[in-house]
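Me: I'm new to this one. Could you walk me through how to read its empty spaces, its ligand and its backbone oddities?

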Amino acid sequence: MARLSLAACAVVFHLCLLISSSASLRWLSDKSAAVTTAGGVRTRSAYHFQPAKNWQNDPNGPMYHNGLYHFFYQYNPDGVTWGNGNLSWGHSVSVDLVNWFALDAALQPSRSFDANGCWSGSATILPDGSPVMLYTGIDARGDQVQNVAFPKNASDPLLVEWVKPEYNPVIPVPADIKRDDFRDPSTAWLGADGLWRIAVAARVHDVGGATLIYRSKDFLRWERNADPLYLAHAAGMVECPDLFPVSEPGVEVGLPASGAGARHVLKMSVMDTVQDYYVVGRYDDTADTFVPEDDDDCRSWRRLDYGHVYASKSFFDPSKNRRVLWGWANESDSVSDDLVRGWSGVQTVPRKIWLDEDGKQLRQWPVEEIETLRSKRVNLLIPEVNAGGVNEIIGVMGTQADVEVVFEVPALEHADVLEPNWLLDPQSLCGEKGASVPGSVGPFGLLVMASGDMQEHTAVFFRVFRQNDKYKVLMCTDLSRSSTRDGVYKPPYGAFVDMDIEAHGGIISLRTLVDHSVVESFGGGGRTCITARVYPEHAENGNSHLYV
Ligand code: DQQ
């Protein structure tokens, strides 16, 4: 019989109860109660960003301005689905990235250059401190064009009104690009020559998915560089590019968008896989070239999240000198469920991101403000967990929790040997070796959103393998038992955690944010993230369980 050699397991649980008493959040909450059905309330998140009702997708133009965080997002004011040509920019503000006050939509289709939708884009803070938005408009003919918008009154702290100048679009569709393959301008940065640059996603005829660079001195006239910043020959259309500098490896300080910085990160959302990939590389702001440290097809780069997250976007937060990332976590049940709920789509929690000590991967961690939501703390020290040992965490609300666990594995040498081809497809490996398949070191982790009879549960767990004289840690979120309902997407999600567990004394951490229909996990100190959407039936009455 397989032996679980996880002998010492120190487990610390921090539990948070929401909703906070902030007036702004209460206002959102009351609105939501008015528009959602019972099912919508059950699965509605409590501390992941959601508008009161309707459809949301990509995060747009996040920024910090005059003491407030602004968050914009793709929003359909008319319904719970994406596609009726009326996409707008929803707008909320916050002082702490946690409690949000909803405002009217900032951008709505209104002019010939965006008559069929205001699609994704980004904010740039100009040297005088005022913001400018670049966004994709779907114009009256259905072309994707790039537009600018400015606040009507830059000293209004809420930036409620936005002006779209007559001279839009500032970048029409180029001749070598199809009218519907040209979108999602990035935040602009200044190059050494004093010109602004932006990256725009496109598919160039006969060439491939591309991150094009445009240069401008005034945000009005833009000139395209002859060469794209990055070309993904085999990947098809790419979306929502993000290019930003990072500090030295291991330094958590974020940097504003600019050409300066020893290393940059390029992130692209790839349409045919619906995944966000990133790579660390060297950007030269004179030649406008980017040399990735990993030259593979971008679909082999690292992923920001190995679960259900897309179209992410980061911004620099000068108030805390950090870079913060948002990502869209779509529903994964059905459109008819969306219609019943009255809403669709959540955002991940805002995550601080920085370059790991290894200089190759990003680390991600919920912004510290999320911890202000912890209202009741339960600490546990479990000296030893043996095979099959399941310890219930009593006294917490299983549908809404912030769980931090530290596992110590004293006998790594017992780990099962890794078969080399397992490295190629960790997701399938998580399916093959699910939470109930015993191994030598693991599975160990959490069972969240579990019904009393365990018919429903979501497993977030690790497994350690031996490869020659090194160890590999697999992280999985297995949804196969997350709901007894049919018609819900219930895959295993998985990835290897790129860390030397032996050098860390056999210690590995897991943080999981449970929020009704969201299970957002950070493995190995945020080296590997997996966000899942779950739809358990049992949680109707809030009576859900949590186990280690
Ligand atoms: N969503 C937006 C586009 C973007 C896509 C439209 C990515 O601008 O390419 O809602 O999810």
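Reply: Sure, let's begin with residue classes: Ala, Val, Leu, Ile, Met, Phe, Trp, Tyr, Cys and Pro count as nonpolar, Asp, Glu, Lys and Arg as charged, and the others, Gly among them, as polar. By those classes, the largest pocket is lined by 17 nonpolar, 9 polar and 12 charged residues. Keep in mind that this is a predicted model, where local features need pLDDT of at least 70 and side-chain atom pairs need 80 or more, while totals for chains, interfaces and linings use all residues. Numbering runs from 1 along each chain as its sequence is written, and side-chain values use heavy atoms, with hydrogens and water left out.

Me: What separates a pocket from a cavity?

Reply: Rolling a probe the size of a water molecule over the atoms shows where empty space is left. On a 1 Å grid over the protein atoms alone, a cavity is a set of points where a 1.4 Å probe fits but cannot get out, while a pocket is an open set with protein on both sides within 12 Å along at least five of seven lines; lining residues have an atom within 4 Å of a point. Points are joined across faces, edges and corners, and a volume is the space filled by probe spheres set on them. Here the largest pocket holds about 990 Å³.

Me: Which residues lie nearest the centre of the largest pocket?

Reply: Ser 300, Arg 302, Tyr 306, Phe 496 and Asp 498, out of 38 lining residues. Helices (H or I, at least four residues) and strands (E, at least two) are DSSP runs numbered from the N terminus, and strand β18 gives the largest share of this lining, 5 residues. Domain 1 (55-368) and domain 2 (380-547) each give at least three residues to the lining; those bounds come from an automatic or database domain assignment.

Me: And how many cavities of 30 Å³ or more are there?

Reply: The count is 1, and the largest cavity has a volume of about 50 Å³. It is lined by 13 residues, with Pro 245, Val 246, Gly 254, Ile 353 and Trp 354 nearest its centre. Strands β16 (238-246) and β25 (351-355) each give two or more residues to that lining. By class, the cavity lining has 10 nonpolar, 2 polar and 1 charged residues.

Me: Which residues surround the ligand?

Reply: Look for residues with a heavy atom within 4 Å of it. Among them are Trp 82, Trp 119, Ser 120, Arg 183, Asp 184 and Ala 311. A polar contact is a pair of N or O atoms within 3.5 Å; within protein, one must be able to donate a hydrogen and the other to accept it, and residues adjacent in sequence count only if both atoms are side-chain atoms. A side-chain N or O atom of Asp 184 is 2.5 Å from a ligand oxygen, a polar side-chain atom of Arg 183 lies 2.8 Å from a ligand oxygen, and a backbone N or O atom of Ser 120 is 3.2 Å from one.

Me: What about backbone oddities?

Reply: Most residues other than glycine have a negative phi, and most peptide bonds are trans. Ala 311, in strand β21, has a positive phi of about 60°. The bond joining Asn 168 and Pro 169 is cis, with omega about 0°, and the one from Gly 442 to Pro 443 is also cis, with omega near 5°.
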